[in-house]
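Me: I have a two-chain model here and want to know why each label on it was given. Please set every value against its cut-off before you conclude.

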Amino acid sequence: MTPRRVIAAAAAVITVLVLQAVVVSPVAGMVMVSLPAVLVAALAVEAGPSAGMSVGFCAGLLADLGSRHPAGVLALAWLLLGAGCGMFAAPRRRLVRSLFITTAATTAVSLAVAAALAALDAPKLSLNELASFAVPTALATTAIGLVVVPSVRVMVRALKVKVRAPARRSAIAPIPRVAVDG
Amino acid sequence: VLRLTRRQLLAAAVLSAIAAAFLVLDLTGGSLAEAHSGTRGVLGGLYRGSDTVLGPVRRYVQALPGASDDSAQLRNLQAENAQLKSQLAAEADDAGTSADLAKLQLAAGTAGMTIVPAKVIAFGPGEGFDWTITIDVGKGSGVAVDQTVTSAGGLVGRVLHADASTAVVLLAVDPGSGVGVRDVRSGELALATGAGTGGFTVTPLSPVADLKAGDQLETGPAGSSTYAAGLPIATLSAVHSTATGTISASARSAITPTALDLVGVVLSIDSTKARPALTPGSG
């Protein structure tokens, strides 16, 4: 990773953590929406699993230490989010597909984190309550993704990050080994 | 779908192990307290700096649902340009803040409390609602850990962390926090446990306590709790009786956590102030 990319990633993480605390959380109320998680997923889809995992872990740990819950929960969740979304990274992927992958993965991870954090607290979150959060969380995550995914794509292209293409089966069949007598 | 390379799998395993180690350390003791405190301080400074720019935007967006309910106001808003809309929202916010400040001053005067007013500048940095808020006053204004935080509506919570110019407040409705309370009508003592969006679960100390839906609860008794006594905290919404005869109740919080804007930190309570003696027939 070049110093330029590290500085860009650090600036992006700090910006989204501040925006989450000062604007998104107060406006979203009880909806489990997370701007940093959307950034991690979008970055992983655009730049691959290595970028997704490193940014996910660092952003998660910083958010954990700034929150009231035990450290490590968001670090682990966003690390896995980065790794999972990074597996769907591909050069020149259509923006709508990137948005769909980002939104679906972030919503699933956000709900899992909400359930895990509630499990650490006294009143557990019931499945019905969790289900009632699913639709608002998906809608809010999509709304945020509409801004974040294109922005991340522009940033990744400006930094000239190359994504390796998924391995494909070779069109040429391997030459069968023939046993030669003699 | 890409397959993770061996190096990526190794990195994921190492980082997962580090995250798990942080989790175990934090769950088993306070060895990460300093790390939490330092990070909250740094983030608090960033929140304070960015609130000047982002605060008006947040307050404007928060005011939108209310504005859409009022058709006359909506017509006016549609007629004005974006800058005027923003100014209107800011003025309405100032008027609300002024009213809240007057109520806080009245409460402070009545209870002999020294209160420092503060604005809410941020919520949790992770996801959703974290049951904590960050306020724009800190040690420089006399704020210290465990001091009570109140608002015009009632008890908000207690100070969890304070640095030079900001403080993090743990809300009383945080699942897992407990507040000693008194039923204003019957005088019964109880423990109100935070239940998040559900307000509070109230467990009276006496198994045959006289509790009724609609009863007001306030913090107390004085001297036996972290919180300042006599602050409104909740209203009983339902009283439940179990098969074993034990009574418990649900209560609605006196405040709306997501709508908090101006709060007050109780710096001290003057309990030594001379009180008039009661005499027969003084009435």
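Reply: Contact here means heavy atoms within 4.5 Å. The model is predicted. Among contacts in chain A between residues at least 6 apart in sequence, 72% join residues at least 24 apart.

Me: What makes up chain A, by helices and strands?

Reply: Chain A has six helices and zero strands. From the N terminus on, its elements read α-α-α-α-α-α. Of its 182 residues, 51% count as buried.

Me: How do you know which residues of chain A and chain B belong to the contact, and how many does each chain give?

Reply: The test is heavy atoms within 4.5 Å. The contact takes 55 residues from chain A and 48 residues from chain B. The two chains bury about 4400 Å² between them, and 72% of that is on carbon and sulfur atoms. On the side of chain A, the residues that lose the most area to chain B are A:Val22, A:Leu65 and A:Arg68, together 15% of what that side buries.

Me: Why is the pair of B:Asp174 and A:Arg68 called a salt bridge?

Reply: The cut-off is 4 Å between a side-chain nitrogen of Lys or Arg and a carboxyl oxygen of Asp or Glu. The side chains of B:Asp174 and A:Arg68 meet at 3.0 Å, N to O, so the pair is within the cut-off and counts as a salt bridge. The count between chain A and chain B is one salt bridge. There are also seven residue pairs in polar contact between the chains, both residues at pLDDT 80 or more.

Me: Which elements of chain A give two or more residues to the side that touches chain B?

Reply: They are helix H1 (3–28), helix H3 (49–65), helix H4 (73–86) and helix H5 (95–120) of chain A. H1(A) supplies the largest share, eleven residues. By class, that side of chain A has 40 nonpolar, eleven polar and four charged residues.

Me: How many salt bridges are there over all chains, and what makes A:Glu46 and A:Arg153 one of them?

Reply: The whole structure has six salt bridges over all chains. For A:Glu46 and A:Arg153, the closest N and O atoms are 3.1 Å apart, and the cut-off is 4 Å, so the pair qualifies. The pair links distant parts of the chain, with A:Glu46 in helix H2 (residues 35–47) and A:Arg153 in helix H6 (residues 127–158) of chain A, 107 residues apart.

Me: Why are A:Glu46 and A:Arg153 called buried?

Reply: Buried means under 20% relative accessible area. A:Glu46 has 10%, so it counts as buried. A:Arg153 has 12%, so it counts as buried too.

Me: What makes B:Asp261 and B:Lys119 a salt bridge, and which parts does the pair tie together?

Reply: Their closest N and O atoms are 3.1 Å apart, and the cut-off is 4 Å, so they form a salt bridge. B:Asp261 lies in the loop between strand S11 (247–253) and strand S12 (262–269) of chain B, and B:Lys119 in strand S1 (residues 113–122) of chain B, so the pair ties together parts that are 142 residues apart in sequence. B:Asp261 has 16% relative accessibility and therefore counts as buried.

Me: Why are B:Arg185 and B:Asp210 called partly exposed?

Reply: Partly exposed lies between the limits of 20% and 50%. B:Arg185 has a relative accessible area of 42%, so the label fits. B:Asp210 has 34%, so the label fits there as well. Salt bridges that share partners join B:Arg185, B:Asp210 and B:Asp215 into one network. Within this network, the closest N and O atoms of B:Arg185 and B:Asp210 are 3.2 Å apart.

Me: How do you know that H4(A) is mostly covered?

Reply: Eleven of the 14 residues of H4(A) are buried. Among them are A:Trp78, A:Leu79 and A:Cys85. The buried residues of H4(A) pack against H2, H3 and H5 of chain A together with helix H1 (6–28) of chain B. From its first C-alpha to its last, H4(A) reaches 20 Å, close to the 20 Å expected at 1.5 Å a residue.

Me: What makes the phi of A:Arg92 worth a remark, and is A:Arg92 buried or exposed?

Reply: Most residues other than glycine have a negative phi. Phi of A:Arg92 is near 55°, a positive value in a residue other than glycine. A:Arg92 sits in the loop between H4 and H5 of chain A. Exposed means over 50%, and A:Arg92 has 75% relative accessibility, so it counts as exposed.

Definitions and conventions
Residues are numbered from 1 along each chain as its sequence is written. Chains are lettered from A and ligands numbered from 1 in the order in which they are written. This is a predicted model: local features need pLDDT of at least 70, side-chain atom pairs count only at pLDDT 80 or more; totals for chains, interfaces and linings use all residues. Side-chain values use heavy atoms; hydrogens and water are left out. Buried area is the accessible area (1.4 Å probe) that two parts lose on being put together, summed over both. A polar contact is a pair of N or O atoms within 3.5 Å; within protein, one must be able to donate a hydrogen and the other to accept it, and residues adjacent in sequence count only if both atoms are side-chain atoms. Helices (H or I, at least four residues) and strands (E, at least two) are DSSP runs, numbered from the N terminus. Ala, Val, Leu, Ile, Met, Phe, Trp, Tyr, Cys and Pro count as nonpolar, Asp, Glu, Lys and Arg as charged, and the others, Gly among them, as polar. Buried means under 20% relative accessible area, exposed over 50%, partly exposed in between (1.4 Å probe, protein chains only). The expected span of a helix is 1.5 Å times one less than its number of residues.
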